[in-house]
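Reader: I am a first-year student, and I would like a close look at one part of this structure. Please pick a strand, show me its surroundings, and then take me outward to the contacts elsewhere.

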Amino acid sequence: MTAFKKYFPITKQCTYLNTPASGLLPSPVLEYRQEHDLDFFVMGSAIKDNRGPALTTVREKVGALFSCAPNRVALVPNFSYGFNTLLEGVPTSKKVLLLENDYPSINWPFESRDFEITYAQIDDDLEKNVASAFAKAQPDIFAFSVIQYINGIKIDFEFLKQLKATYPETLFFADATQYFGTEAFDFDASAIDVMGGSCYKWMNAGYGNGIFLFKESVSEKVFPKTTGFNSLQGKYKAQEGSFLGRFEPGHQDTLNYGSLGVAIDIINEFGITAIENHIKALSEKARTAFTERGLLEEAVVQRTSHSSIFNLKGDEALVHRLKAQNIMCILRGKGVRVGFHYFNTEDDLQQLLTVL
């Protein structure tokens with residue numbers, strides 16, 4: 001996938017392994033943003049005349065990429081905004097299952113409200129732990145990150161389908177910020193009821209845009225109160241009380257959501273399946289190399305499959321040493337976190353291994 005590098009000049013200057021913290025800005029997205037603001041500068045409010053169709057196009061691109069009807073795709077500024085809007089429509093009498101030490105934007109919104117909460121542990125037996133917690137707590141809601149932001153442990157989608165078959169009334173809420181854009185995904189065929197994520201990481205769409213996908217039945221079980229003038233604007237929100245409109249109450253930023261549309265065009269140019277195969281092949285080579293060097297925690301080593309995020313044994317001194325060699329990474333948890341995306345190559349992995 002070396003062809004991707006043409007869109008990311010920074011990869012010629014450094015080994016960029018910090019996508020789990022922030023994705024890069026592709027040159028086509030930069031060009032779109034520059035042209036958009038130039039048009040705004042020159043045309044003033046006239047640029048907004050096409051706002052409705054432009055946002056509709058982005059919504060439809062999202063729906064096509066993730067197999068979700070566009071009338072069930074919400075465009076939000078970021079995951080946390082959308083998730084808190086969602087929870088405002090959930091009675092606090094509901095029993096909730098969370099994962100211990102999951103991403104704060106998943107756990108804190110529940111913990112800051114009066115929900116009855118239980119937890120399952122994140123380790124090599126994640127699915128077994130979740131199944132056991134379900135049997136004991138019988139939760140109304142299970143909220144989790146698809147991929148753990150610290151060590152990259154990814155929950156098994158087939159397990160989720162089996163769990164949903166056993167507990168069909170439980171709502172599954174998923175944070176896919178560390179997942180969207182890494183592999184082909186059919187939302188409608190999944191066990192997940194609500195799936196949201198910010199798009200500045202693996203989607204490489206820049207900041208200020210996120211998405212939420214909903215199953216049809218969610219609007220009958222969750223009742224957000226958020227509303228505003230924009231709640232009734234657009235092709236898929238025309239009816240009063242629109243569920244989708246609850247997540248889009250104010251003016252939508254065509255700059256940021258248009259950036260997401262261009263980022264999706266880049267994904268479609270190369271093909272999400274090709275991207276998935278590349279990321280998986282590179283990540284498996286990385287996982288093998290890291291395991292041989294004793295750099296991974298046992299919970300990750302023992303997993304059957306893994307994501308493209310890794311937490312390597314090391315400290316701040318190692319981060320400084322890697323950055324001194326133009327390898328971009330970050331300290332997270334008890335180690336050094338790295339991630340491999342579609343613009344990364346085996347040369348990037350080898351550069352990291354050489355310095356390590």
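Author: What follows starts at one strand and then moves on to contacts between side chains. Keep in mind that this is a predicted model.

Start with strand 5, residues 141-145. Is it buried or exposed? Five of its five residues are buried, so the strand is largely enclosed by the rest of the structure. Now look at its two faces. In a regular strand the side chains alternate between the two faces of the sheet. On one side of strand 5 sit Ile141, Ala143 and Ser145. On the other sit Phe142 and Phe144. Both faces are covered.

Which strands pair with strand 5? One is strand 3, residues 95-99. Strand 3 and strand 5 run parallel and are joined by two bridges. Find Leu97: its bridge partner in strand 5 is Phe142. Another partner is strand 6, residues 171-175. Strand 5 and strand 6 also pair in the parallel sense, over five bridges. Here Ser145 has Asp175 of strand 6 as its bridge partner. Helix 6, residues 157-166, completes the picture. Strand 5, helix 6 and strand 6 make a right-handed β-α-β unit.

Now for a contrast with the buried strand. Go to helix 1, residues 27-43, where you will find Phe41. Phe41 is exposed, with a relative accessible area of 72%. The cut-off for exposed is over 50%, so Phe41 passes it. Phe41 also belongs to a nonpolar surface patch, made with Leu38, Val42 and Met43. The patch covers about 480 Å².

Next, the aromatic rings. The structure holds 29 aromatic pairs. One of them joins Phe8 and Tyr342. Their ring centres are 6.0 Å apart, and 50 degrees lie between the planes, which makes the pair tilted. Phe8 lies in the segment before strand 1, and Tyr342 in the loop between strand 12 and helix 11, so the pair ties together parts that are 334 residues apart in sequence. Phe8 is buried, at 0% relative accessible area. Tyr342 counts as buried too, at 0%. Elsewhere, one aromatic cluster is made of phenylalanines, including Phe79, Phe110, Phe173 and Phe247.

Last come the charged contacts. Side chains of opposite charge can pair when their charged atoms come close. The structure holds 16 salt bridges. In one, Asp348 meets Lys5 at 3.5 Å, N to O. This pair links distant parts of the chain: Asp348 is in helix 11, Lys5 is in the segment before strand 1, and they are 343 residues apart. Both Asp348 and Lys5 are buried.

Another salt bridge joins Arg113 and Glu88, at 2.9 Å, N to O. Arg113 lies in the loop between helix 4 and strand 4, and Glu88 in the loop between helix 3 and strand 3, so this pair ties together parts that are 25 residues apart in sequence. Arg113 is buried, at 17% relative accessible area. Glu88 is partly exposed, at 41%.

Some links stay within one helix. Arg287 and Glu284 both lie in helix 8, three residues apart, about one turn of the helix. Their closest N and O atoms are 4.0 Å apart. Arg287 is buried, at 7%, and Glu284 is partly exposed, at 36%. Finally, salt bridges link Lys154, Glu183, Glu276 and Lys280 in a network.

Terms used: Residues numbered from 1 in each chain as written. Predicted model: local features only at pLDDT ≥ 70, side-chain atom pairs only at ≥ 80, totals over all residues. Heavy atoms only, no water. Buried < 20%, exposed > 50% of the residue type's maximum accessible area, 1.4 Å probe, protein only. Helix = DSSP H or I, 4+ residues; strand = E, 2+ residues; numbered from the N terminus. Pairing = 2+ DSSP bridges. Right-handed = clockwise from strand over helix to strand, strands pointing away. Patch = residues over 30% accessible without salt bridge, like charges linked within 9 Å, V, L, I, M, F, W, Y side chains within 5 Å. Areas by Shrake-Rupley, 256 points an atom, 1.4 Å probe, with all protein chains shown as cover. Salt bridge = Lys/Arg side-chain N within 4 Å of Asp/Glu carboxyl O. Phe/Tyr/Trp six-rings, centres within 6.5 Å; stacked < 30°, edge-to-face > 60°.
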